[in-house]
Amino acid sequence: MGVAAGPIRVVVAKPGLDGHDRGAKVIARALRDAGMEVIYTGLHQTPEQIVDTAIQEDADAIGLSILSGAHNTLFAAVIDLLKEREAEDILVFGGGIIPEDDISPLKEKGVAEIFTPGATTQSIVDWVRANVRQPAGA
């Protein structure tokens, strides 16, 4: 969200019915250890709950972890809700079991980045640092 002061704030969320949150917790911890403020929403969150949390917490980004196969629907719902609520400045990224063929269409819908299995926590931290809260004119 612009050039706000303080650490980068990231909401890490597990949307839908997927009950496997180990990866999301690992990412949340890595972002926290890198000096970011992380709000982990827990399991089984609806897109509405995730967007509400991001707006209430004045988040700079939302990181979604999706392993259920519902990535096309869930990413689109979060992006659409951010647009509806005029919060498009909140960057959306994510990862999980997402087929290569689905990545480009997700990015076209507004997902900033997708991390697939094997991505390192450091690469995710580095990407967030490089892409969230870019100074004006950068």
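## Histidine 44 and its backbone

In this predicted model, His 44 counts as partly exposed because its relative accessibility is 44%, a value between the limits of 20% for buried and 50% for exposed. His 44 belongs to the loop that runs between β2 (37–40) and α2 (47–56). The backbone of His 44 has a phi near 60°, which is a positive value in a residue other than glycine. As background, most residues other than glycine have a negative phi.

Asp 58 also has a positive phi, of about 55°, although Asp 58 is not a glycine. This residue is placed in the loop between α2 and β3 (61–66). With a relative accessible area of 44%, Asp 58 is partly exposed.

## Overall architecture

How many helices and strands does the protein chain contain? The secondary structure comes to 5 helices and 5 strands. Read along the sequence, these elements follow the pattern β-α-β-α-β-α-β-α-β-α.

The size of the chain can be compared with a simple expectation. For 138 residues, a compact globule would have a radius of gyration near 14 Å, and the protein chain agrees with this, as its own value is 14 Å. The C-alpha trace spans about 35 × 30 × 25 Å along its principal axes. Of the 138 residues in the protein chain, 45% are buried.

## Salt bridges

Side chains of opposite charge can pair when their charged atoms come close. A search of the whole structure finds 7 salt bridges. One of them joins Glu 57 and Arg 9, with the closest N and O atoms 2.8 Å apart. Glu 57 lies in the loop between α2 and β3, whereas Arg 9 lies in strand β1 (residues 9–13), so this pair ties together parts that are 48 residues apart in sequence. The two partners differ in their surroundings: Glu 57 is partly exposed, at 32% relative accessibility, whereas Arg 9 is buried, with a relative accessible area of 18%. Arg 9 and Glu 57 also belong to a network of salt bridges that includes Glu 37.

Two further pairs may be examined. The side chains of Asp 18 and Lys 14 meet in a salt bridge with an N to O distance of 2.6 Å, and both of these residues are buried. Lys 107 and Glu 113 form another salt bridge, at 3.0 Å from N to O. Is Glu 113 buried or exposed? Glu 113 is buried, because its relative accessible area is 19% and the limit for a buried residue is under 20%. Its partner Lys 107 is partly exposed, at 36% relative accessibility.

## A negative patch on the surface

Which residues gather in a patch of negative charge on the surface? They are Asp 58, Glu 86, Glu 88 and Asp 89. Asp 58, already described for its positive phi of about 55°, is thus one of the residues of this patch.

Glu 88 is located in the loop between α3 (71–84) and β4 (91–96). Its relative accessibility of 55% places Glu 88 among the exposed residues, because exposed means over 50%.

## Individual positions along the chain

Several other residues illustrate how separation in sequence and separation in space may be stated side by side. Ala 70 lies in the loop between β3 and α3 and is partly exposed, with a relative accessible area of 28%. Ala 70 and Gln 45 are 25 residues apart in sequence, and their C-alpha atoms are 13 Å apart in space.

Leu 81 is part of helix α3. At 9% relative accessibility, Leu 81 counts as buried. From Leu 81 to Phe 93 there are 12 residues in sequence and 15 Å in space, C-alpha to C-alpha.

Gln 49 lies in helix α2 and is partly exposed, with a relative accessible area of 35%. Gln 49 and Ile 114 are 65 residues apart in sequence, and the distance between their C-alpha atoms is 21 Å.

Definitions and conventions
Residues are numbered from 1 along each chain as its sequence is written. This is a predicted model: local features need pLDDT of at least 70, side-chain atom pairs count only at pLDDT 80 or more; totals for chains, interfaces and linings use all residues. Side-chain values use heavy atoms; hydrogens and water are left out. Patches are made of residues with over 30% relative accessible area and no salt bridge: like charges are joined within 9 Å, nonpolar side chains (Val, Leu, Ile, Met, Phe, Trp, Tyr) within 5 Å. Accessible areas come from the Shrake-Rupley method with a 1.4 Å probe; for residues, only the protein chains shown count as cover. A salt bridge is a side-chain nitrogen of Lys or Arg within 4 Å of a carboxyl oxygen of Asp or Glu. Lys and Arg count as positive and Asp and Glu as negative; His and the chain ends are not counted. The place of a charge is taken as NZ of Lys, CZ of Arg, CG of Asp or CD of Glu. Helices (H or I, at least four residues) and strands (E, at least two) are DSSP runs, numbered from the N terminus. Buried means under 20% relative accessible area, exposed over 50%, partly exposed in between (1.4 Å probe, protein chains only). The radius of gyration is taken over C-alpha atoms; the globule rule is 2.2 Å times the number of residues to the power 0.38.
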